[in-house]
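Reader: I am new to this structure and should like to understand the terms used to describe it. Please take me through them one by one.

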Amino acid sequence: MGHHHHNHDHQQLTTQASEHRVFWAMVITGGFMTLEVVGGLISGSLALLADAGHMFGDFASLALAWWAFRLRHKPPDSKRSFGYDRFQVLAAFVNGLTLVFIAVWICIEAISRLNDVPEIQALPMLGVAIAGLFANIGAFYVLGSGQSENLNLRGAAAHVLGDLLGSMAAIVAAILIMTLGWTWADAVLSTIVAVLITKAGVGIIKSSGHILLEGTPSELSSSDVVEAVGTVEGVRDVHHVHVWALTGEKLLATLHAVVDQGGDLDGIRRKIESLLEEQFRIHHCTVQFEFDACEGHH
């Protein structure tokens, strides 16, 4: 069982690090959002106000992600036997939806601006956008570039990355307005960013939705599990296999194993558990033994 505990401790540490990362990214984003609202109002730039609106979405999503990590510390109770672990998947799902809504809002706003191009003060817009870029790079760096199997952290990082692109678009737009007088660049570049944000949002909605629907984790299939468990000495047949994820990192399984009567059930169960943990990272498995193959099993 030592192997199991080592894995569990490693998970705890990784999740704790993710929690700190999200907290500091939230602080950076919240502080900068305030500055951007002021800059956007003074310069009249949609790219800045869209970015600030997006930053507010980010701040809220980072706060939600952080709260999801905090809730994880609450112990399981009689109504929630798994505790609040899955709340972080729900937070990621909500974050994915918010990204898509923000992108749609930016597109609608950009189209109306293309029809009626407003006066834009490019210099303050450029200044704030450059500062924003640094704030976003800082937040993205703190999140550890979000290349994590933790969906909650991925959702938070996608918001910050969308912001980072937003700041870059605002910088390019400001330069084009200052040098060539292309006031439409503000709206066009905002739309390009909106498309990229949508892509990230849809990806996160799909991944978190799959977990919420108890889908089989993408990296393994039930047939792989059947095959592996079938190699355990004493197991004659394996069926009724269900594999799902509580969160992106916590995989669970249930299965029926047909064994010979009088076999060492405890020993077989331990072998199945350690095999599933080593090969598939499944840390929690419920094994039901049978002595005759189930009627009509699949």
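Reader: How many helices and strands are there in the chain?

Author: The model is a predicted one. Its chain holds 8 helices and 3 strands. Read from the N terminus, the elements follow the order α-α-α-α-α-α-α-β-β-α-β.

Reader: What makes Leu-143 count as buried?

Author: The term buried applies under 20% relative accessible area. Leu-143 has 0% relative accessibility and therefore counts as buried. Leu-143 sits in the loop between helix 4 and helix 5. Leaving out residues up to four places away in sequence, Leu-143 touches Arg-21, Val-22, Ala-25, Leu-62, Leu-153, Ala-156, Ala-157 and Val-160. Its C-alpha atom is separated by 8.8 Å from that of His-20, although the two residues are 123 residues apart along the chain.

Reader: Why is Gln-261 called exposed, and Arg-281 partly exposed?

Author: Exposed requires over 50% relative accessible area, and partly exposed lies between that value and the 20% limit for buried. Gln-261 has 67% relative accessibility, so it counts as exposed. Arg-281 has 30%, so it counts as partly exposed. Gln-261 belongs to the loop between strand 2 (251-259) and helix 8 (265-280), whereas Arg-281 lies in the loop between helix 8 and strand 3 (282-290). The C-alpha atoms of Gln-261 and Asp-292 are 9.1 Å apart in space, with their positions 31 residues apart in sequence.

Reader: Where is a positive phi found in a residue other than glycine?

Author: Arg-281 has a phi near 60°. His-240, in strand 1 (residues 235-245), has a phi near 45°. Both values are positive, and neither residue is glycine.

Reader: Which residues have the most contacts inside the largest nonpolar core?

Author: That core has 64 residues, and the ones with the most contacts inside it are Leu-143, Val-225, Val-229, Leu-255, Ile-272, Leu-276 and Ile-282. Helix 5 (residues 151-180) supplies the largest share of this core, 13 residues. Another core, of 5 residues, lies apart from it and includes Phe-32, Met-55, Val-128 and Ala-135. In the chain as a whole, buried residues account for 46% of the 298 residues.

Reader: With which residues is Leu-255 in contact?

Author: With neighbours within four places in sequence left aside, the contacts of Leu-255 include Val-225, Val-229, Ile-272 and Leu-276, which are also listed among the residues with the most contacts inside the largest core. Val-238, His-239, His-240 and Val-241 are in contact with Leu-255 too, as are Cys-285, Thr-286, Val-287 and Gln-288.

Reader: Why is helix 4 described as roughly antiparallel to helix 5?

Author: Two packed helices are described by the angle between their axes and the distance between the axes. Helix 4 (residues 122-142) and helix 5 pack at an angle of about 155°, with axes 8 Å apart. Angles over 145 degrees count as roughly antiparallel, and therefore helix 4 is roughly antiparallel to helix 5. Their crossing is left-handed. The residues of this contact comprise 22 nonpolar, 3 polar and 1 charged.

Reader: How do you know that helix 5 is roughly antiparallel to helix 6?

Author: The axes of helix 5 and helix 6 (residues 185-212) cross at roughly 175° and come within 8 Å. As the limit is over 145 degrees, helix 5 is therefore roughly antiparallel to helix 6. Among the residues that meet are Gly-155, Ala-158, Gly-162 and Leu-165 in helix 5, and Leu-196, Ile-197, Ala-200 and Gly-203 in helix 6. By class, this contact has 16 nonpolar, 6 polar and 2 charged residues.

Reader: What makes helix 7 oblique to helix 8?

Author: The axes of helix 7 (residues 222-230) and helix 8 cross at roughly 135° and come within 10 Å. This angle falls outside the ranges for roughly parallel, roughly antiparallel and roughly perpendicular, so helix 7 is oblique to helix 8. The crossing of these two helices is right-handed. Asp-224, Val-225, Ala-228 and Val-229 in helix 7 meet Ile-272, Leu-275, Leu-276, Gln-279 and Phe-280 in helix 8. The contact divides into 7 nonpolar, 1 polar and 1 charged.

How values were computed: Residues are numbered from 1 along each chain as its sequence is written. This is a predicted model: local features need pLDDT of at least 70, side-chain atom pairs count only at pLDDT 80 or more; totals for chains, interfaces and linings use all residues. Side-chain values use heavy atoms; hydrogens and water are left out. A nonpolar core is a set of buried Ala, Val, Leu, Ile, Met, Phe, Trp, Tyr and Cys residues joined through side-chain atoms within 4.5 Å. Buried means under 20% relative accessible area, exposed over 50%, partly exposed in between (1.4 Å probe, protein chains only). Helices (H or I, at least four residues) and strands (E, at least two) are DSSP runs, numbered from the N terminus. Contact means heavy atoms within 4.5 Å. Axes are lines fitted to C-alpha atoms, for helices over the stretch in contact, and angles run from 0 to 180 degrees between N-to-C directions. Angles under 35 degrees count as roughly parallel, over 145 as roughly antiparallel, 65 to 115 as roughly perpendicular and the rest as oblique. A crossing is left-handed if the near helix is turned anticlockwise from the far one by less than a right angle, and right-handed if clockwise. Ala, Val, Leu, Ile, Met, Phe, Trp, Tyr, Cys and Pro count as nonpolar, Asp, Glu, Lys and Arg as charged, and the others, Gly among them, as polar.
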